[in-house]
Amino acid sequence: MAGLRISVLGPVRVRYGGRDVPAGSGQRQAVLAALALRAGQVVTADELAGLVWGESAPASVGAVVRNHISKLRAAIGTAGGDAASVLVSRGGGYALQLAEDGLDAGEFARKAWVTERFTEAEINAAPHLRVTTLVR
């Protein structure tokens, strides 16, 4: 968990402990993005198939998803991460474990929330808000 950072706003990028992790093919990146956007939640192979391939999912989608998960775990492991604790098999699906600041889209949403709810003066008076706000 600690050190894993995934960017889905723009090109999909993965970093672990400050090192770039190859995210692989477009389909693999889509699997990773789907898991990242539902971080901490179990996503089944069927759900991933719908999110990644829609109506044109391959007949062997379960095997294809398992292959992408295996390759993602290998890439995280190569970067020094504990892949088994980061990308877990649970309850008939997969869950990606991310720290609160591990996904750029989540960080953006938190910054937008603070920026919408507080005045500039309130943000400047509270250092913990300043760190998490968008530029006005």
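Student: How many bridges join S4 to S6, and which way do the two strands run?

Tutor: In this predicted model, two bridges join S4 to S6, and the strands run antiparallel. One bridge partner pair is Thr44 with Gly93 of S6.

Student: What makes S4 and S6 count as paired?

Tutor: Pairing needs at least two bridges, and S4 and S6 are joined by two, so the pair meets the definition.

Student: Why are S4 and S5 called edge strands?

Tutor: The open sheet has the order S4-S6-S5. Strand S4 (43-44) and strand S5 (87-90) each have a single partner strand, so one side of each has no neighbour in the sheet.

Student: Which helices pack on this sheet?

Tutor: H1 touches S4, S5 and S6, and its direction makes about 70° with that of S6. H3 touches S5 and S6, at about 140° to the direction of S5.

Student: Why is H1 called roughly perpendicular to H3?

Tutor: Their packing angle is about 80°, with the axes 10 Å apart. Angles of 65 to 115 degrees count as roughly perpendicular, so H1 earns that description relative to H3. Among the residues making the contact are Val31 and Leu35 of H1 and His68 and Leu72 of H3. By class, this contact has six nonpolar, three polar and two charged residues.

Student: What does Val31 touch, leaving out residues up to four places away in sequence?

Tutor: Val31 touches Leu48, Val52, Trp53, His68, Ile69 and Leu72. Val31 is also one of the residues with the most contacts inside the largest nonpolar core, which has 34 residues.

Notes. Residues are numbered from 1 along each chain as its sequence is written. This is a predicted model: local features need pLDDT of at least 70, side-chain atom pairs count only at pLDDT 80 or more; totals for chains, interfaces and linings use all residues. Side-chain values use heavy atoms; hydrogens and water are left out. A nonpolar core is a set of buried Ala, Val, Leu, Ile, Met, Phe, Trp, Tyr and Cys residues joined through side-chain atoms within 4.5 Å. Buried means under 20% relative accessible area, exposed over 50%, partly exposed in between (1.4 Å probe, protein chains only). Contact means heavy atoms within 4.5 Å. Axes are lines fitted to C-alpha atoms, for helices over the stretch in contact, and angles run from 0 to 180 degrees between N-to-C directions. Helices (H or I, at least four residues) and strands (E, at least two) are DSSP runs, numbered from the N terminus. Angles under 35 degrees count as roughly parallel, over 145 as roughly antiparallel, 65 to 115 as roughly perpendicular and the rest as oblique. Ala, Val, Leu, Ile, Met, Phe, Trp, Tyr, Cys and Pro count as nonpolar, Asp, Glu, Lys and Arg as charged, and the others, Gly among them, as polar.
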